[in-house]
Amino acid sequence: MTSIPLEIDIFREDKKRELLHLILKKIEDILADLRFSQVHSDRLPVMQAAILRDLWQATTIDFFGRYSTLLVEGITVDFVNSLLQAEIVVQTAILDKIPLVSDLFSYLLFATPLVIDNISFAAESLEAKERAEIILQNLIIQLANAVVQPLLNQFAELEVIKQNYYDRRLISTREIERFRNSLSWKYRARTYFEEPRQIFESRYEMLLLAPRGIAKISIYAPRDRELTRLSGIPLVVTLALELRDAIAPRIQAVVSFVGKGIIFVLTQVVGKTIGLIGRGVLQGLGGSWQESKNKRL
């Protein structure tokens, strides 16, 4: 329901559920570890990247099996260790993009109020609970995508992987390649166009579990610091959006004025002219008919 491809789309329904449930369990475990370690809330933003990396690694190991191996072209490959080698790619492409994780953990660990649309809501309020649920669901889904991404990059077309994990509609080589190309295009579009626009519009796009699947919503969040760090094509995109916002109302006003002028000319001048011509034609026809009648008499 998001209009964009997600890595977990390639999995069967039961595997999706298994992976999402496992991630929720891992989040519970890491929250317990943080409580035991007596981490202070001001440390969570600094620790966010490490926490997400630990969640991804622990989920990958448990979901695929710590000691599982694959036979690739006659060579036995350490399956999970191969997936974990993609840490930098996964961290850059997915984990670092997951928003508001430290806010969520601070809320869950210390009952810290959540700021929603620039208004602070107490931890026990309905608004804070609903916002925390949105952030949590987005975190779970994005971590699931991060677990699947190395699999698609390294072992996508192995038959044993298809049989154990894939939706039957996506097991052909053509469908797998089409799916991977769609993912590749999504990340390019996000990097150069979608993310700069979201930063400029001060919002995040969040994924959440809906009755009929995974949906996408936008929430407001200040992103001025990220805006100042933009460069290259992303910066050009924001400048183009600002230019469009500046000139679009003026162009619309000019078009509206010209349109009204054209309508006036067509209705008042051309319309009256056509009316006079039509009246003259009718009068001429009437005169000709009367003259023809007199001749017959």
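Modeller: Let's start with the word "buried": it means under 20% relative accessible area, while exposed means over 50% and partly exposed is in between, using a 1.4 Å probe and protein chains only. This is a predicted model, so local features need pLDDT of at least 70 and side-chain atom pairs count only at pLDDT 80 or more, while totals for chains, interfaces and linings use all residues. Residues are numbered from 1 along each chain as its sequence is written, and side-chain values use heavy atoms, with hydrogens and water left out.

Colleague: OK, what makes Phe 11 buried?

Modeller: Its relative accessible area is 0%, and the limit is under 20%, so Phe 11 is buried. Across the 297 residues of the chain, 37% count as buried.

Colleague: How do you decide what counts as an aromatic pair?

Modeller: Rings of Phe, Tyr and Trp (its six-membered ring) pair if their centres lie within 6.5 Å. Planes under 30 degrees apart count as stacked, over 60 as edge-to-face, and the rest as tilted. That rule gives seven aromatic pairs.

Colleague: Why is the pair of Phe 11 and Phe 63 called stacked?

Modeller: The centres are 6.0 Å apart and the planes are at 20 degrees. The first value is within 6.5 Å and the second is under 30 degrees, so the pair is stacked.

Colleague: And what makes that pair a link between parts of the chain?

Modeller: Phe 11 lies in the segment before helix 1 (13-37) and Phe 63 in helix 2 (residues 44-64), so the pair ties together parts that are 52 residues apart in sequence. Helices are DSSP runs of H or I with at least four residues, strands are runs of E with at least two, and both are numbered from the N terminus. Phe 63 is buried too, at 7% relative accessibility.

Colleague: What about Phe 64 and Tyr 165, why is that one edge-to-face?

Modeller: Here the centres are 5.5 Å apart and the planes are at 65 degrees; 65 is over 60, so edge-to-face is the label. Phe 64 belongs to helix 2 and Tyr 165 to helix 7 (residues 159-165), so this pair joins parts 101 residues apart in sequence. Phe 64 is buried at 7%, and Tyr 165 is buried at 9%. Ring pairs also link Phe 11, Phe 63, Phe 64, Phe 79, Phe 155 and Tyr 165 into a cluster.

Colleague: How do you know that the charged end of Lys 186 sits over the ring of Tyr 187?

Modeller: The test asks for NZ of Lys or CZ of Arg within 6 Å of the ring centre and within 35 degrees of the ring normal. The charged end of Lys 186 is 4.5 Å from the centre of the Tyr 187 ring, so the distance part is satisfied, and being listed as over the ring means the angle part is too.

Colleague: Back to helix 2: what does Thr 60 touch?

Modeller: Contact means heavy atoms within 4.5 Å. Not counting residues up to four places away in sequence, Thr 60 touches Gly 65, Val 80, Leu 83, Leu 84 and Val 147. Thr 60 sits in helix 2, and at 1% relative accessible area Thr 60 is buried.

Colleague: Which residues does Gln 137 contact?

Modeller: Leaving aside neighbours within four places in sequence, Gln 137 is in contact with Leu 207, Leu 208 and Leu 209. Gln 137 and Leu 209 are 72 residues apart in sequence but 6.7 Å apart in space, C-alpha to C-alpha. Gln 137 lies in helix 6, and its 14% relative accessibility makes Gln 137 buried.

Colleague: Now the loops. Why is Gln 38 called exposed?

Modeller: Gln 38 has a relative accessible area of 65%, and the cut-off is over 50%, so Gln 38 is exposed. Gln 38 lies in the loop between helix 1 and helix 2, and its phi is near 55 degrees, a positive value in a residue other than glycine.

Colleague: What makes Asn 118 exposed?

Modeller: Asn 118 has 54% relative accessibility, so Asn 118 counts as exposed. Its place is the loop between strand 3 (114-116) and strand 4 (119-121). Asn 118 also has a positive phi, about 70 degrees, although it is not a glycine.
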